[in-house]
Structure formats: C-alpha cells, structure tokens
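Please walk through this chain with attention to how its parts are divided and how they meet. The account below starts from a single pairing and widens from there.

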Amino acid sequence: MAILTQEQAKAIIDKVLSYAKADETEVTISGGRTGNIRYARNTVNTSGETNELSLSITSVYGKKSGSTSINELDDESLKRAVSRAEEIAALAPENPEYMPMLGPQNYAPSKTFAKATDSINPDYRAQLAVDSIKPCVDNNLTAAGYLEDFSGFVATGNSKGLFGYNQSTSVDFTVTVRSADGTGSGYAGRDFNDAALLNAGQVTNLAAQKAMASVNAQAIEPGKYTVILEPMAANDLLRLLASGMDARSADEGRSFLSKKGGGTKLGEKLFDERVTIYSDPAHPDIPAAPWSGEGFPLEKTTWVENGIVKNMFYSRYWAQKQGVQVVPRPQGFIFAGGDQSLADMIRNTERGILVTRFWYIRAVDPQTLLYTGLTRDGTFYIENGQIKFPVKNFRFNESPIIMLNNIEAMGKPERTGGNMVPPMKIRDFTFTSLSDAV
C-alpha cells in the first residue's frame, strides 16, 4: 500500500503522536509508485516498477533533536520508532539554530496530480519505447532513452497541530539520437506532471533531426559570439542563478547578491529590464506542493522584476535573526519571456551559434556566478539568418548575470527541468576552446 489517502495518513500520524513523550514531535509519511524503462542501441535493456512507503519521526527536547525512519506501520513498529527517535534526541547536542515547530497552517489545494500519469503501466512504457525507437530504426539512427514516471503522496503533521497532505505525479522523458557513423548527435527531453502532454514520437523526432543535421561538424574559432539558447540550454545556467538567491549567503558575503564591504543588493537593478523571475505554486505548467521544506505555505512570489532584485529566500532562523518575514524557497521558477520564436531569432541573426544544451557545468567563482562547461548534442553556426552547418562543441566561461544583461531577444517560456524558461538570444557569449566530443 504505497499511496495512502489523506484520511489514512492522518490516522497514522495521529497514532504516532499519541505515543510521543518529547517536547515536540513531527511525523512525515511519503510513498508512491515509480516506474521506468530504459533503452540503448535501439533495444530496451531495463524496465521496472517500485512501490515504496516510509515514515519518519523527529523528536525534540528543547533544542536537541533525533530522527528515525521505518517502512513498517504496525503499532509495535511505530512505538519502537518513536522511542528510538526520543532516545537519539536525548543524547544529541543542542542545535543553536533550532526553530520550534509550526502550528496549524492553511495550505491551498495543489494541481500536482494527474490521472493520466497515475494510470501509466508497463504497456504504456513499452509503447513509448516503440514510438521512440521505430523512427530511428527506419532512418538508420541509434536511440538511447529513459522514461521515469511517479505517482505518490506526502503527508506531514506535528504535535503543534500542523497537518498537510499532497498527492503528485510526474513524468520525465529524455532521448539521445546518434547518426550511424557516430559523428552526429541530437538530444531532446520533456517533463510534465500530466503524461497526457507527452508525445515521445515528437520528442524523438526533434532529437533525430538534430542528429542528422549535426553530422561531420566543422571547427570554428572560439571567441565571443551571439548565441541562441534553446530553453534547455538557458535553463542549465539560469537555474543556477535562481537557486542562489539565498539571503543568508548574501548577508554573509558568500553570494552574487553580497555587497562589497557588507550588505546585500536587494532592491538593486542587476539585470536587463526585460528580466522578471517569479514563482507560483498554482502555475498550470509547473504546479508545486503547497508548502516549503520548513512547512510554510508557498505563495506566488516575485524574485526579480524589470531587472530589480525584489526578494531573497529567508529561512525561519535567518528571518528571525534579521528581523524580517520568512520567504520560503520555491520549488520552481518562471522566467518571463518575450514574443519571438526560435525561428525569428535565427532569421534575425547575422552571425551566431545555436545551442541545444550544456553539460558538465562547474562553478568557477560563486560571487560572480562564473561557470564553465561544454555544449552538447547539436551546436550549429548561423549566418545571415540561416543555419549554415554544425560546429564542433565548445567550452564556455560565462555567468548568467552577464547573460541577463546581454539579452537581444526572448521567446515564450517552456517547461524544462521543472522551470519555465524561454529561448534566449544573448550577445557576447564567451566560448574559450573547442571540444572533440560529439
């Protein structure tokens, strides 16, 4: 029984709390079904499905806490788990940053659950593999892909009266297609809550087109180029910026939002005025669970507006220390875009590079958000508004802060990697060397 109803979950949480003797007790139950299918060289090689259910208990005495987790829910197992968590808490050192547990919260209902995803079975996964492999076989191409689907729940409650329950589903599909001679490679992927939105054939055809078009890539000189970043490539860098908007790091001088000599850049204009970044748990394309990791209700929040930093993440402890309101970390970001299509951007480019995605990204300088990495699976040279030929992959050294000050155009945001990100045309993107990898 991997998926419990709200009533079943609450009954178990209440039972655990009735056994507790600690000053404070928190109980979380989560579970679900995870399925997958993997194929390579046009042949399915693994598939499977797991059902898991776990319960974790955190017991607190003063500022000392202990935790334990189990996957058996009979009364005796629950009693032993509570006792063990309390034993650990009694022996633990005090946590000077411990915050008392929250009382009852109002959580808005979420739209994270989709029936189509919950209904996925082995036949669905097998058919998806067929839909992806067949067009590759027909065109003398080689496909390697992976699908993972999930349907499950999480419930949380504590001795202060807090209770929350949420069901969610997700489906994530990626495929790499290679040419017969191995010199061309294309990649595409999609992630949704609702599997009804996924068309594996269309995703594979996109990767196949890139693979065929990228055969026998030519080398061109590294340097500063105008780049057109498809949403996946843009997300590879922009997610690093968005996830780094932590107030404590900024206050402690460890962040790109830290001011030299002290203070933060909250309220300052750091980006092009077209840049607006927000989060919204009720967004129809990237719906999120209704609470944060600390149990606070998630609400629509603007992080950057017209290039100005409007908010940073404040944990409960850091918010109390700084005397401000808690601002929970969101589960996904929406980067507002523009009205140009990818084709428009290419047509309006005199000389540039089209990038499908980046990989092997590593931090160089956290205070300027300078990163290095490589292009991969479809990199093309643009001249006079047309894609002229595939190019060998580049190593880049670039910061998303600089990117967001060098915007020439943006398109409509698309879901990628759990965020909403537009295709972007960026000037003066820095490529430092070539890579022979396909």
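**From one salt bridge to two domains**

In this predicted model, D191 and R415 form a salt bridge whose closest N and O atoms are 2.7 Å apart. To place that pair in context, it helps to turn to the domain assignment, which divides the chain into domain 1, residues 6-211, and domain 2, residues 217-438. Taken over C-alpha atoms, the centres of domain 1 and domain 2 are separated by 26 Å, and the contact between them draws 33 residues from domain 1 and 26 residues from domain 2.

The area buried between domain 1 and domain 2 comes to about 2400 Å², with 57% of it on carbon and sulfur atoms. On the domain 1 side, the residues that lose the most area to domain 2 are M99, Y187 and K210, which together account for 26% of what that side buries.

The polar part of this contact can be counted as well. Between domain 1 and domain 2 there are three salt bridges, and the residue pairs in polar contact, with both residues at pLDDT 80 or more, number 11. Within domain 1, the elements that contribute two or more residues to the side touching domain 2 are β4 (141-158), β5 (163-179) and β6 (185-192), and β6 provides the largest share of that side, with seven residues. Sorted by class, the side of domain 1 that touches domain 2 consists of 13 nonpolar, 15 polar and five charged residues.

Beyond the contact between the domains, the count of salt bridges comes to 24. One of the pairs is R33 with D149, where the closest N and O atoms are 2.6 Å apart. Because R33 lies in strand β1 (residues 24-40) and D149 in strand β4, this pair ties together parts of the chain that are 116 residues apart in sequence. Side chains of opposite charge can pair in this way when their charged atoms come close.

The UniProt record offers another division of the chain, drawn from an unreviewed entry. The annotation "domain: Metalloprotease TldD/E N-terminal" in that record covers residues 26-89, a span that is 23% helix and 64% strand and whose end C-alpha atoms are 13 Å apart. The feature "domain: Metalloprotease TldD/E central" is placed by UniProt, again in an unreviewed entry, at residues 146-214; over these residues the chain is 20% helix and 55% strand, with 22 Å between the end C-alpha atoms. Finally, the UniProt annotation "domain: Metalloprotease TldD/E C-terminal", likewise from an unreviewed entry, covers residues 222-432, where the chain is 16% helix and 37% strand and the end C-alpha atoms lie 5 Å apart.

Methods. Residues are numbered from 1 along each chain as its sequence is written. This is a predicted model: local features need pLDDT of at least 70, side-chain atom pairs count only at pLDDT 80 or more; totals for chains, interfaces and linings use all residues. Side-chain values use heavy atoms; hydrogens and water are left out. Domain bounds come from an automatic or database domain assignment. Contact means heavy atoms within 4.5 Å. Buried area is the accessible area (1.4 Å probe) that two parts lose on being put together, summed over both. A salt bridge is a side-chain nitrogen of Lys or Arg within 4 Å of a carboxyl oxygen of Asp or Glu. A polar contact is a pair of N or O atoms within 3.5 Å; within protein, one must be able to donate a hydrogen and the other to accept it, and residues adjacent in sequence count only if both atoms are side-chain atoms. Helices (H or I, at least four residues) and strands (E, at least two) are DSSP runs, numbered from the N terminus. Ala, Val, Leu, Ile, Met, Phe, Trp, Tyr, Cys and Pro count as nonpolar, Asp, Glu, Lys and Arg as charged, and the others, Gly among them, as polar. UniProt positions are given in the numbering used here, feature names are shortened, and annotations may be inferred rather than shown by experiment.
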